[in-house]
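Here is a short round of questions on a ligand site and some aromatic rings. Keep the structure open as you read.

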Amino acid sequence: MSGQAEFLIFGATGQQGGAVARALKAKGKVVRAFVRDPLGERAKALHGEGFELAVGDLFDPASIDRAMLGIAGVFSVQTSSPAGMVTDAEEVQHGKAIADSAVRHGVRHLVYSSGGGAGKGPTRMGHFDSKSEIEAYVRSLPIMTTITRPATFMEMLLLPGMGLPQGMFSFFMHPDQAMQMIALGDLGRMNAQILVAPDRYQGEIIELAGASVTGAGLERAFTKAAGRPIGYRRFPPALLAGNPFLNRLTELLDSGLLAGAADLQALSREFGELTSFEDWLAGPGKPLFEAALREREAEVALR
Ligand SMILES: NC(=O)c1ccc[n+]([C@@H]2O[C@H](COP(=O)([O-])OP(=O)(O)OC[C@H]3O[C@@H](n4cnc5c(N)ncnc54)[C@H](OP(=O)(O)O)[C@@H]3O)[C@@H](O)[C@H]2O)c1
């Protein structure tokens, strides 16, 4: 690897890595993006934006080693079992492989992006407990490390299947129950600030969120943004009864674990203004929201 990159970003073709890579670049940093397929559209876009590419696969430790050469700061994130590409054990294997390689190559600072459900005891949710295991491993490393635990991404709300196009949105919360969330832009900005100031953040575990959102709040925000009524209800009991995964996540929200533990005021003091759900919906989330609403028009047009 002959480039002059200071930072290596894993998952750079994905949501978190892409946001962190771009936020670092906006700070004028030279960034290397770890990609599996350099000819894929997202990798080509990164290359076009001026990122150095390191081609590899987390199943291939030698490729991780090649990417680490000359790097001072690493952003580590792994895909997890719900996305369908890895088991929970493979997520752990990938997280540890990045950590081991960073130590072997004398990397100064490793930022591991975990999740809000991790590090607070066993959850019986595989992709939370996997992160607890990676966190413990990262904390044991003889280099500077920071663990960030992002809340649920606001972008998740606009995935298909939650009823938005039909005018009745469903998610985990009761109408009056709050859940912390974060816009990917804020996640990128916060992790980038941490990466460029290792001495300030080393050894810390930071819960990341940008807003606290209730079901009723979603109803109000979606209705205003759509210009027509969008109702809200928690996932129906029959759906939860037939879906152990969603049911366990709902239980974890009710137990408080998934509600979020970030100190929003402290985050705002440290990282600057946080993006509220309404601002996200009117800004970076607008194209996603409009696309989600257009799904309905497409359905109607096909009838
Ligand atoms: N969604 C949420 O609200 C939320 C909240 C907190 C934490 N999390 C956690 O966030 C993580 C996922 O982050 P994300 O949403 O940014 O991921 P994402 O958008 O799904 O992207 C996954 C990235 O991992 C790369 N990747 C997958 N398998 C790989 C391999 N074998 N070798 C190298 N790279 C590989 C993908 O590359 P390709 O482009 O080549 O596929 C892609 O860049 C999960 O662990 C999840 O549990 C999610």
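Q: How far does a polar side-chain atom of Thr13 lie from an oxygen atom of the ligand?
A: This is a predicted model, where local features need pLDDT of at least 70, side-chain atom pairs count only at pLDDT 80 or more, and totals for chains, interfaces and linings use all residues. Residues are numbered from 1 along each chain as its sequence is written, and side-chain values use heavy atoms, with hydrogens and water left out. A polar contact is a pair of N or O atoms within 3.5 Å; within protein, one must be able to donate a hydrogen and the other to accept it, and residues adjacent in sequence count only if both atoms are side-chain atoms. For Thr13 and the ligand oxygen the distance is 2.5 Å.

Q: Which residue offers a polar backbone atom 2.8 Å from a nitrogen atom of the ligand?
A: The side chain of Asp57 has an N or O atom 3.0 Å from a ligand nitrogen. The backbone partner at 2.8 Å is Leu58.

Q: What geometry does the pair Phe172 and Phe235 have?
A: Rings of Phe, Tyr and Trp (its six-membered ring) pair if their centres lie within 6.5 Å; planes under 30 degrees apart count as stacked, over 60 as edge-to-face and the rest as tilted. Here the centres are 5.0 Å apart and the planes stand at 90°, so the pair is edge-to-face.

Q: Are Phe172 and Phe235 buried or exposed?
A: Buried means under 20% relative accessible area, exposed over 50%, partly exposed in between (1.4 Å probe, protein chains only). Phe172 and Phe235 are both buried.
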